[in-house]
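The exercises below concern strand pairing and helix packing in one chain. Work each one from the coordinates before reading its solution.

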Amino acid sequence: MSPTKIPPLTYKVVAECSVSKARAGLMTLRHSEVNTPVFMPVGTQGTLKGILPDQLIELNCQILLGNTYHLGLRPGIETLKKAGGLHKFMGWPRAILTDSGGFQMVSLLQLADIDENGVNFRSPFDNSQCMLTPEHSIQIQNAIGADIMMQLDDVVKTTTTGPRVEEAMERTIRWVDRCIEAHARDDDQSLFPIVQGGLDVPLRERCVSALMERQVRGFAVGGLSGGESKHDFWRMVDVCTDHLPKEKPRYLMGVGFAADLVVCVALGIDMFDCVFPTRTARFGCALVDSGQLNLKQPKYKTDMEPIDKDCECTTCKRYTRSYLHHIATNESVSCSLLSIHNVAYQLRLMRSMREAIQRDEFPQFVRDFMARHFKSEPIPAWIRESLLAVRIELPADPVQDKTEQEEQSRPEKKQEKEAS
């Protein structure tokens with residue numbers, strides 16, 4: 001087989017958890033191999049805020065995300081074509097995934113009008129009109145040259161109910177066919193359809209069934225992590241992974257909190273993205289297993305420890321919490337230093353999960369992680385329920401038990417118990 005005939009995306013499951021739906025895989029793309037489960041840092045406009053491509057390579061980041069809507073406005077298709085695509089334009093040699101612009105229907109709704117043809121946007125930069133159709137979205141993504149592209153989907157807020165949810169799901173299915181028809185570089189780029197259907201299980205199942213009829217190399221789960229309850233969130237993820245094919249990668253869009261990542265890997269998701277690691281860095285916060293360290297707090301003024309003594313990133317090797325407290329949010333370099341650590345944390349978390357899956361020790365990894373993450377507070381009920389759905393039972397919560405014991409030891413509680 002000649003090199004030009006090799007598909008631009010191949011995916012192989014290399015290990016599966018014997019208890020949950022978690023799996024480790026290898027996705028081979030034109031620009032790099034990607035080990036899954038994977039977290040993809042978000043470089044919306046062709047750059048991660050505060051991190052250079054060379055620094056991302058040093059962190060062994062294998063794939064990052066760009067946004068079609070923003071890149072289509074600036075620098076635009078002609079500039080991207082002249083540059084030879086986004087990889088060359090931004091100096092990034094590894095894989096790129098692009099969001100289609102559909103999410104901006106929600107985030108910039110006040111600037112958009114949606115109909116069957118597409119989405120008519122008013123540019124937030126100069127107020128000019130921009131019609132983003134499925135075809136135009138694909139044209140931009142072809143010019144970007146992303147290894148993985150998203151179809152343009154009809155996105156509604158997760159809290160939306162009524163006929164608009166079904167309308168958006170059906171339109172998403174119609175639009176994927178227009179995207180497939182417009183796709184001019186199928187030998188180099190792979191197009192993922194997006195599962196929609198809100199918080200309605202039958203709609204999600206119908207959407208998955210319809211999208212699986214298309215010849216595609218992977219699937220995305222969209223329309224979540226937008227304000228719905230966590231109980232609804234995990235159930236929709238679980239429904240989708242129950243029905244999506246096992247031999248193709250599954251991408252959950254816009255999810256990046258550590259506990260959510262661990263739960264959703266257990267539920268069978270392979271790929272994630274979120275702006276959270278770099279955005280929270282700009283507010284002076286560093287990610288650790290127990291949650292976040294707000295380095296602006298006075299208690300870090302004389303703390304000479306690194307953010308995380310087990311972290312191998314350059315920030316943790318060279319700088320103390322005290323120094324980072326000194327510059328947090330006051331100096332622009334603090335954003336860079338904390339972003340490097342936060343991205344390193346996300347990548348290390350995913351690597352740890354992959355290794356645990358390969359050793360078939362993932363359930364114990366989950367139990368250990370949750371014990372660290374919720375060291376000083378009870379584990380949320382939705383996490384216990386979601387993990388129990390894939391046969392991972394968490395031990396009794398010592399924080400909850402202690403609270404209950406303290407409550408029972410209070411004199412008024414004793415009197416209530418005796419009176420009953």
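**Exercise 1.** In this predicted model, determine in which sense strand S8 and S9 pair, and over how many bridges.

*Solution.* Take strand S8, residues 118–122, and list its bridges to S9: there are 4, in the antiparallel sense. One of the residues to check is Val119, whose bridge partner in S9 is Leu132.

**Exercise 2.** Place these strands in their sheet and find its edges.

*Solution.* The sheet is open and has 3 strands in the order S7-S8-S9, with antiparallel pairing. Strand S7 (112–115) and strand S9 (129–132) each have a single partner strand, so both are edges with one side lacking a neighbour in the sheet. Direction ignored, neighbouring strands are turned by 15° against each other on average. Finally, add the helix: H7 (residues 163–182) lies across S7 and S8 and runs at about 75° to S7.

**Exercise 3.** Give the strand order of the open sheet of 4 strands, its edges and its twist.

*Solution.* The order is S5-S6-S10-S11, and the pairing is parallel. Pairing on one side only marks strand S5 (63–67) and strand S11 (190–192) as the edge strands. From one strand to the next, the twist averages 25°.

**Exercise 4.** Describe the pairing of S5 with S6, then identify a helix that packs on this sheet.

*Solution.* S5 and strand S6 (residues 95–99) run parallel and are joined by 5 bridges. Among the residues involved, Asn67 has Asp99 in S6 as its bridge partner. Helix H6 (residues 134–144) packs on the sheet and touches S6, strand S10 (148–150) and S11. The direction of H6 makes about 160° with that of S10.

How values were computed:
Residues numbered from 1 in each chain as written. Predicted model: local features only at pLDDT ≥ 70, side-chain atom pairs only at ≥ 80, totals over all residues. Heavy atoms only, no water. Pairing = 2+ DSSP bridges. Helix = DSSP H or I, 4+ residues; strand = E, 2+ residues; numbered from the N terminus. Axes fitted to C-alpha atoms, helices over the stretch in contact; angles between N-to-C directions. Contact = heavy atoms within 4.5 Å.
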